[in-house]
Number of protein chains: 2
Amino acid sequence: MVTIHDVAARAGVSPATVSRFLRGQHVRSSEKIQAAVDELGYWPSAAAQSLKSGRTYTIGVVVPDITNPYFAAVVKGMESVTRAENYRILLANTDESSDREDDVLADMVRRVDGIVLAPATEQDQTPLHVRDADVPLVFVDRDLAGGEHFDAVLVNNVDGGRQAAEHLVGLGHTRIAAISGNQDTTPGRCRREGFVSALAAAGVDVPAEYDLVGNFREESGYQLALSLLSLPEPPTALFTANNLMTLGALKALHDMRVDVPGQVSLIGFDDLDTGPLLRPPLTVIDRPMVEQGVLAMRLLLRRFDPQYTGDTPRHIVLDTKLIERASTAPPPGSGDRRQATTRTRRGRSA
Amino acid sequence: MVTIHDVAARAGVSPATVSRFLRGQHVRSSEKIQAAVDELGYWPSAAAQSLKSGRTYTIGVVVPDITNPYFAAVVKGMESVTRAENYRILLANTDESSDREDDVLADMVRRVDGIVLAPATEQDQTPLHVRDADVPLVFVDRDLAGGEHFDAVLVNNVDGGRQAAEHLVGLGHTRIAAISGNQDTTPGRCRREGFVSALAAAGVDVPAEYDLVGNFREESGYQLALSLLSLPEPPTALFTANNLMTLGALKALHDMRVDVPGQVSLIGFDDLDTGPLLRPPLTVIDRPMVEQGVLAMRLLLRRFDPQYTGDTPRHIVLDTKLIERASTAPPPGSGDRRQATTRTRRGRSA
DNA sequence: TGTCTTTCTGAAACCGTTGTCAGTGGGAGT
DNA sequence: ACTCCCACTGACAACGGTTTCAGAAAGACA
């Protein structure tokens, strides 16, 4: 490995001078040093710089599942910010496991200047230890009990649930089911709450057998949708709590030859790249994704600026938006033939 | 920050002894040291360890686009290996840009023990410099001119192209178009070569206006598909060179109200999670994704074992597989009514 | 008890870089 | 020619660990 001493020797100066030159100070023998650097192909050692400065210029990013298009988009947004600010991203998957998250965070604390975390559960207290280590932490997508002490970029999940509920009620549905995600996560809990309470407000009751809780994975959406369809009186509309569960549910509906939206309407949380191309095109509650990553990373990097270090934590809450496509329609047997036929044109008619 | 000296002082021993204890050596005052570590919440500084040992236990992963489900899956596979071996992943996106790749690699070389790279172009020579820096490098998905000096995990793209071609020819198509990816990348070039030459072998000629080259992005697939459809004599079958271009092409076909596969058959390279749920379910050339990541990372970590460090580079080439779904069918007007009607049942009939 | 061996220990050097500090040398001003 | 000033420089000491080396303590044996 070529060190700053090698460069110094070759240029006939001291290492200190080389260091000064590299940091942009004016130096008499700049040409000779530059030449030495080029000839030797010198690059300073990041480890040595970190040791001296106490900064790694690296940000830890911890997500439950990088193959979830939502998190992939969030990470991409974060990456665009770190790149511009000369930071790097140390990435870790937790597979939705709190234990794994503990390990990852304990390890990261010694290697990064800050962390963006989508916590596995709301009860997890490990992140609080991160704070003890004086490593700034920002939550994205999910909050924490005690999370008010941290910056966060969230989405109005309760309101998203409400939008979904009101959409289905507006179409005339009364037998409405929900397939929710982990109830120990912010999005899991809030989307369900928003959905169920908006239904209640509209006078629609959700019986226990229609109120299912899974774990945000595709398989979970698939299994729970199957169980709903096997009910003596299956629902006519279905709300799924994230993109993967929506796909799982849609697969189940296909496998059971159920006409969507002719027999069952489906509305999901989170849009998909392929949303418009699916059978049928999905009606979803959409939210910013890349933008969430950008905002979270900005919030984090801000903490490195002494001017803002001590600011009280900020919670940015973004709005969701209903995207109406063709997977929702009035319930079967309702008077509205026009709508129903228009909407089911592409499905197998009942 | 609490250092090894603080722990030593508290335990009444020297830093050397604490270090020995932490590395598992037998030490007389182990209880006292453990107590001091716990009470102070001590964690060794990664920077200091790296500086001394010359190892960072970090692997650089460079991909063109993390939001491409293929690369997300590959990264996930890599992550499962690094986790088990106590390594971490420093992630970077290049946005398919060689310049960006240069910057990223130059930066990474000083911060990681090894790199897995999906190169932006085959001509790029920067990776060779990485070798000068004595940082092991493994290619994944894409190779390089001069890449024979490196380990690589690839896919038999030529054969994948052939499979697609033979499938379409087998259905009776003769007006067949290809929407290819960047020709300065391995997959872009090989998939097109395999496809076109297999068609030629079957006696099917691909005129220039059917042989389009784009850039692996959805928008590119969309635009090129539109241009094909506006031809005086549009093709009856279409091969798209990756998942995103396939989606783009499918969107174009939808927008132009073209019946798939009634009027035009579509076969893509790379399966999608949503593949079976699309309108119509996509026929694709599939290949291992997570597994590619796993293999690439294993190949890389192997290089750290002195036993294998000097081994001649290995190229692992995985096979592709045709998954027949409903987006391909005999061309319109062909005698085979049974197949055509079966296959187009879900499309808008012509 | 004395010698020899083994096990454990602390001092100190080192990894590569940066910041401090006390110069050194050159130029401007008288 | 002499002083003063200022820009620039190199030696040196950190940063927080690990490793070497030599020596101390403890155990084995006669």
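# Exercises on a predicted protein–DNA model

In chain A, 6 strands build an open sheet of mixed pairing, ordered β7-β6-β8-β9-β10-β12. Strands here are DSSP E runs of at least two residues and helices are H or I runs of at least four, numbered from the N terminus, and two strands pair if DSSP finds at least two bridges between them. This is a predicted model, in which local features need pLDDT of at least 70 and side-chain atom pairs count only at pLDDT 80 or more, while totals for chains, interfaces and linings use all residues. Residues are numbered from 1 along each chain as its sequence is written, chains are lettered from A and ligands numbered from 1 in the order in which they are written, and side-chain values use heavy atoms, with hydrogens and water left out.

## Exercise 1: the sheet of chain A

Identify the edge strands of the chain A sheet, and describe how helices α10 and α11 of chain A are placed on the sheet.

Step 1. The edges are β7 (211-213) and β12 (321-323) of chain A, each of which pairs on one side only. Neighbouring strands are turned by 15° against each other on average, direction ignored; axes are lines fitted to C-alpha atoms, for helices over the stretch in contact, and angles between N-to-C directions run from 0 to 180 degrees.

Step 2. Within the sheet, β8 (residues 237-240) and β9 (residues 265-269) of chain A run parallel and are joined by 4 bridges, and A:Thr240 has A:Gly268 as its bridge partner in β9(A).

Step 3. Helix α10 (residues 218-229) of chain A packs on the sheet, where it touches β6 (176-180), β7 and β8 of chain A and makes about 155° with the direction of β6(A). Helix α11 (residues 243-255) of chain A also packs on the sheet, touching β6, β8 and β9 of chain A, with its direction at about 160° to that of β9(A); contact means heavy atoms within 4.5 Å.

## Exercise 2: an unusual peptide bond and an unusual phi

Locate the cis peptide bonds at A:Pro261 and B:Pro261, and find where the positive phi of B:Tyr57 occurs.

Step 1. Most residues other than glycine have a negative phi, and most peptide bonds are trans.

Step 2. The bond from A:Val260 to A:Pro261 is cis, with omega near 5°, and A:Pro261 lies in the loop between α11 and β9 of chain A. In chain B, the bond joining B:Val260 and B:Pro261 is cis with omega about 5°, and B:Pro261 is placed in the loop between α11 (243-255) and β9 (265-269) of chain B.

Step 3. B:Tyr57, although not a glycine, has a positive phi of about 55°, and this residue lies in the loop between α4 and β1 (58-63) of chain B.

## Exercise 3: the relation between the copies

Work out how chain A is related to chain B.

Step 1. Superposing by least squares on the C-alpha atoms of residues with pLDDT of at least 70 in both copies, chain A can be laid on chain B with an RMSD of 0.1 Å by a turn of 180° and a shift of 0.0 Å along the axis.

Step 2. The two copies are therefore related as by a two-fold rotation axis. The same surface serves both copies, since 98% of the contact residues of chain A recur in chain B.

## Exercise 4: the surfaces near the DNA

Describe the protein surroundings of DNA strand C and of DNA strand D.

Step 1. A residue is near a strand if one of its heavy atoms lies within 4 Å of it. Of the 25 residues around DNA strand C, A:Ile4, A:His5, A:Tyr42, B:Thr17 and B:His26 come nearest, whereas A:Thr17, A:Arg20, A:His26, B:Ile4 and B:Lys52 come nearest of the 27 around DNA strand D.

Step 2. Sugar and phosphate account for 60% of the atoms of DNA strand D within 4 Å of the protein, and for 64% of such atoms of DNA strand C, the rest belonging to bases.

Step 3. Among the polar contacts (pairs of N or O atoms within 3.5 Å), a phosphate oxygen of DNA strand C is 2.5 Å from a polar backbone atom of A:Ile4, and a base nitrogen of DNA strand C is 2.7 Å from an N or O atom in the side chain of B:Arg20. For DNA strand D, a polar side-chain atom of A:Thr17 lies 2.4 Å from a phosphate oxygen, and one of B:Tyr42 lies 2.9 Å from a sugar or linking oxygen.

Note on methods: Polar contact = N/O pair within 3.5 Å; in protein donor to acceptor, adjacent residues only side chain to side chain.
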